[in-house]
Amino acid sequence: MWTETWLFTKRSLLTTIRNPFSFIPNLIISVFFLLVYTSGLSSVASLPQFEGSDYLNFILPVSIVSGAVGGAGGTGQALVRDIESGYFARLLLTPATRTAIVLGPMIAGMLQLLVQTLLIFVFAFLLGLTIPVGAAGFFFTVLLAIGFGLGFAGYSVGVALKTRNAQAAQAGTLLFFPLIFLSTTFVPKELIEAEWLKVAATFNPTTYIFEGMRAVLTQPEIDWGALSAGLAVAGTMSVLMIVFAATNARGA
Amino acid sequence: MLTTLVRPTSGAARVNGFDVVKQEKDVRLSIGVALQETGIDKVLTGRELLVLQGRLFKMSNEEAQRRADELLEVVSLTDAADRRSGTYSGGMRRRLDLALTLVHRPTVLFLDEPTTGLDPASRIEIWNEVRRLNEEFGTTIFLTTLYLEEADELADRIAIINHGKIVSEGTAEELKQLVGGETISMDFATESEATLAATRFHTSSNGTHVSFELRDMTLTEIVRSLDEQGLQPERLTVKQPSLDDVFLKVTGESYEGGEIRVD
């Protein structure tokens, strides 16, 4: 099973690398977000609720997470392409387990996000990013990003298998975009005015990913409570979505 | 269902002695399936696809490489091996698909309309390949086709399916017997000659034309008897009934939903 998973991962990576347009636009958009938000909104960081942290550190998670959503959506679309080309049926006819068939592309998607997150970091450093807590801040942010990404890749693979339709798979990921914004995306929770948005942000798993990342990026000391909440949400999401994807694969 | 892609709602079936529900994996290891639509990732090269396929069938990397080289040779794709399969022509893609099906040396091969949409040259190539697999390696081939000529050409045993049920089964010869044997037809220079010949063979003429079923007479007997009468037809042909005739007869001459299965 692990050999198979590795073979499928390798194959998906190869497919991704040979289709540069499957990841380049997404990367550009993430970097664009970072640039625009930092230039346009950075003065809000002088509000006391920001406790003196730089707006770049605050907005970096938004760039990373929106990049993860776009990138993970690509995983589902790649699977739909396989279904449409008939290659998926051929894979189902091999003795490989169904789980390996869907896990491979998910892991490849996660690795793609890892590289993407690193590149966003490089860009952020070029913009003058400094992390008060040092390397740990970098490490945990990346960990949260790939955990969230793996979960999201599982979600897009599950939707792809269920609908077998590229448009539906894409729409499935677009549904998640509002989630990013119904959250503490641009300002800390204390600054959200609308009561409903505060409630939405509380129930939104993305909020915990953001808070987790900010716990290690914006504070002078790591806020372990927020970080563990973020890691727990990312972990739970990954497991649930892998199960969701594998269940749909078994029915395929 | 026999290929494990679809689970039966009821009943049981065995392929190569393995139950298609309980021993899915054993079934998959022993069969090769080429679906009507080729199953190829356009981004990978022919060689990459073959090696991956071999690895998925539990071969070591070296083994899979060797097998890929072998099969590329067999389906004459060695020159195109390292090009992305998206650049292949329809016939090449079909051959690569067949090669992928053969990687693990299956003993039973399912081919679903393997020549649909191919030009005549590629079709004959695929036919030759199928025949070779059957004769040299003793592979059992389960082939579905809409071209009756293909069934006639390749199959030892044919089953005709109409509306999901087997309506007729047997060798091509046996099936053809259903619509009668060979017919002979001759044309004479004059009507009187034709009438004379018709009387000789207990049939009737139609202008200068005479035709009847051969039954247990041989062609030699007929020619000899014509000779005795001093009759010399201008044209003499023997026609085998085609499977098309059989198909139309057993399906009640309805064209809808007919499918021919061959094995």
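Two strands are said to pair if DSSP finds at least two bridges between them. With that criterion in hand, the tour of this predicted model can begin at a pair of strands in chain B.

**First stop: an antiparallel sheet in chain B**

Select residues 183–187 and 209–213 of chain B. These are strands E8 and E10, which run antiparallel and are joined by 5 bridges. To find the register, display Thr183(B), which stands opposite Glu213(B) in E10(B). Next, add the neighbouring strands. The whole is an open sheet of 4 strands in the order E9-E10-E8-E11 of chain B, with antiparallel pairing. At the edges stand E9 (205–206) and E11 (235–239) of chain B; each has a single partner strand, so one side of each is left without a neighbour in the sheet.

Now select residues 191–200 of chain B. This is helix H8, which packs on the sheet and touches E8, E9 and E10 of chain B. The direction of H8 makes about 15° with that of E10(B).

**Second stop: parallel strands in chain B**

Strands of a sheet pair through backbone hydrogen bonds, either parallel or antiparallel. For the parallel case, select residues 31–34 and 108–112 of chain B, which are strands E3 and E4, joined by 4 bridges. Ile31(B) stands opposite Val108(B) in E4(B). Then add residues 140–145 of chain B, strand E5, which pairs with E4(B) in the parallel sense over 5 bridges. Here Leu109(B) has Ile141(B) in E5(B) as its bridge partner.

**Third stop: two loop residues in chain B**

Most residues other than glycine have a negative phi, and most peptide bonds are trans. Two residues with positive phi deserve a selection of their own. Lys58(B), with phi near 70°, is found in the loop between H2 and helix H3 (61–74) of chain B. Is Lys58(B) exposed or partly exposed? It has 15 other C-beta atoms within 10 Å and is therefore partly exposed.

Continue past H3 to Ser76(B), whose phi is near 50°. This residue lies in the loop between H3 and helix H4 (90–102) of chain B. Ser76(B) is exposed, because 12 other C-beta atoms lie within 10 Å, and a residue counts as exposed at 12 or fewer.

**Fourth stop: chain B as a whole**

Show all of chain B, which has 10 helices and 12 strands. Its C-alpha atoms fill a box of roughly 75 × 45 × 30 Å along the principal axes. The radius of gyration of chain B is 25 Å, whereas a compact globule of 263 residues would have a value near 18 Å. Buried residues make up 33% of the 263 residues in chain B. Of the contacts in chain B with a separation of 6 or more, 66% are between residues 24 or more positions apart.

**Fifth stop: where the chains touch**

Display both chains together. The contact takes 18 residues from chain A and 20 residues from chain B. On the chain B side, helix H1 (24–30) and helix H2 (46–56) are the elements that give two or more residues. That side comprises 11 nonpolar, 3 polar and 6 charged residues.

**Sixth stop: chain A as a whole**

Hide chain B. Chain A has 11 helices and 0 strands. Its radius of gyration is 18 Å, close to the 18 Å that the globule rule gives for 252 residues, so chain A is as compact as a globular protein of that length. The C-alpha atoms of chain A fill a box of roughly 60 × 35 × 30 Å along the principal axes, and buried residues make up 47% of its 252 residues.

**Final stop: helix packing in chain A**

Two packed helices are described by the angle between their axes and the distance between the axes. Select residues 98–126 of chain A, helix H5, together with H6(A); their axes come within 8 Å and cross at roughly 145°. This crossing is right-handed. Residues of the contact include Gly109(A) and Leu113(A) of H5(A), and Ala145(A) and Gly149(A) of H6(A). By class, the contact of H5(A) with H6(A) has 14 nonpolar, 4 polar and no charged residues.

Keep H6 (residues 135–163) of chain A and add H7 (residues 166–174) of chain A, which packs against H6 at an angle of about 145° with the axes 8 Å apart. H6(A) and H7(A) also make a right-handed crossing. Ser156(A), Val159(A), Ala160(A) and Thr163(A) of H6(A) meet Ala168(A), Ala169(A), Gly172(A) and Thr173(A) of H7(A). The residues of this contact divide into 4 nonpolar, 4 polar and no charged.

Note on methods. Residues numbered from 1 in each chain as written. Chains lettered and ligands numbered in written order. Predicted model: local features only at pLDDT ≥ 70, side-chain atom pairs only at ≥ 80, totals over all residues. Rg over C-alpha atoms; globule rule 2.2 N^0.38 Å. Buried ≥ 20, exposed ≤ 12 C-beta atoms within 10 Å, placed from the backbone. Contact = placed C-beta atoms within 7 Å. Nonpolar A, V, L, I, M, F, W, Y, C, P; charged D, E, K, R; others polar. Axes fitted to C-alpha atoms, helices over the stretch in contact; angles between N-to-C directions. Left-handed = near helix turned anticlockwise from the far one by under 90°.
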